[in-house]
Amino acid sequence: MKIKSFKDPDFKVICDFDGTISKNDTFDQLLERFADPIWQDIEADWVKGKIGTAECMRRQVELVKISKRQLDNWLSFIQIDVQFINFVKFCQKLNIEISIASDGIDYLIKKILAHYGLNSIQVSANQLIFKEKNKMTLAFSEKLNLCDSKSMVCKCSIAAAHKKSGKKIVYVGDGHSDYCVSKRIDLVLAKANLLAYCKQHELPHYAIDDFSDVMMRVKQLIRQPESVIEKNVDQKKQFFKSLNS
Ligand SMILES: [Zn+2]
């Protein structure tokens, strides 16, 4: 397939990480492997609504007792969708900005990406802090009041910051932490729960299985940009206006 070179594409791509780029949820895997099993009780309290997301995540991370070296070693075995690597190269070649917005943990994501040679991607996620004696904790950024997602990383404000460039946003995701932001961007490339959500709320979207589908849709966007980004324009305009005022 021959694609015209796009020096200045009029959209950016934001991707979720866990389950979208990585095959499994990295944080859950970390807890299963290295945390005291009481992390599951904390999870149950969160599911029941007894504690909030920040408290849940922080208490769970504080149950993980490993050295940085052990952690790095373990992270080198985490698998991602290999098609993502091709997709990043493709975006770089065409000057399409790609970034990651995750409600996971920044250190884990950056280490995993670095293992695949993907060091240059901007990552927004919760911040891991190493403390003395193999202990760690988490720090969170502030949330936007407009966001009704339960996640600690406000993907809506990340999308809004990108939107200030005047470019459209294509969002790639799979789950609950992607619901809120999906109502506020231009096109969703969705799988799993997010796909059902997009169908239910009639959001402009395409179904994907992996990043080869993402690449196919992005190529399509470049060829016929107007054909895919249309619905819910007024609703989104209003949202971004309220953010910028
Ligand atoms: Zn939101």
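Strand β3, residues 122-130, pairs with β4 in the antiparallel sense, and four bridges hold the match. Within that pair, I129 sits opposite T137 of β4. Bear in mind while looking at it that this is a predicted model.

Helix α3, residues 53-61, packs on the sheet right here, touching both β3 and β4. Its direction makes about 160 degrees with that of β4.

Now step back to the whole sheet. Seven strands make it up, and the sheet is open, with mixed pairing. Reading across, the order is β4-β3-β2-β1-β5-β6-β7. Which strands stand at the edges? They are β4 (136-139) and β7 (205-207); each has a single partner strand, so one side of each is left without a neighbour in the sheet. From one strand to the next, the twist averages 25 degrees.

Next, the pairings around β2. This strand covers residues 98-105, and it runs parallel to β1, with three bridges joining the two. It is also parallel to β3, this time through four bridges. Here are the pairs side by side, each with one set of facing residues:

| Strand pair | Sense | Bridges | Facing residues |
|---|---|---|---|
| β3 and β4 | antiparallel | four | I129 and T137 |
| β1 and β2 | parallel | three | I14 and S99 |
| β2 and β3 | parallel | four | A101 and S124 |

To get from β2 to β3, the chain goes through helix α6, residues 106-115, and this β-α-β crossover is right-handed.

How many of the eight residues of β2 are buried? Seven are, so the strand is largely enclosed by the rest of the structure. As a reminder for anyone tracing side chains here, in a regular strand they alternate between the two faces of the sheet.

Another helix to look at is α7, residues 155-163. It lies across four strands, namely β1 (11-15), β2, β3 and β5 (168-173). Relative to β1, helix α7 runs at about 160 degrees.

Finally, a look at one residue in a helix. N86 belongs to helix α5, which spans residues 82-93. Is N86 buried or exposed? Neither label quite fits: N86 is partly exposed, because 13 other C-beta atoms lie within 10 Å, whereas a residue counts as buried at 20 or more and as exposed at 12 or fewer. N86 also makes a nice long-range marker: its C-alpha atom is 8.4 Å from that of F211, although the two residues are 125 apart along the chain.

Methods: Residues numbered from 1 in each chain as written. Predicted model: local features only at pLDDT ≥ 70, side-chain atom pairs only at ≥ 80, totals over all residues. Pairing = 2+ DSSP bridges. Axes fitted to C-alpha atoms, helices over the stretch in contact; angles between N-to-C directions. Contact = placed C-beta atoms within 7 Å. Right-handed = clockwise from strand over helix to strand, strands pointing away.
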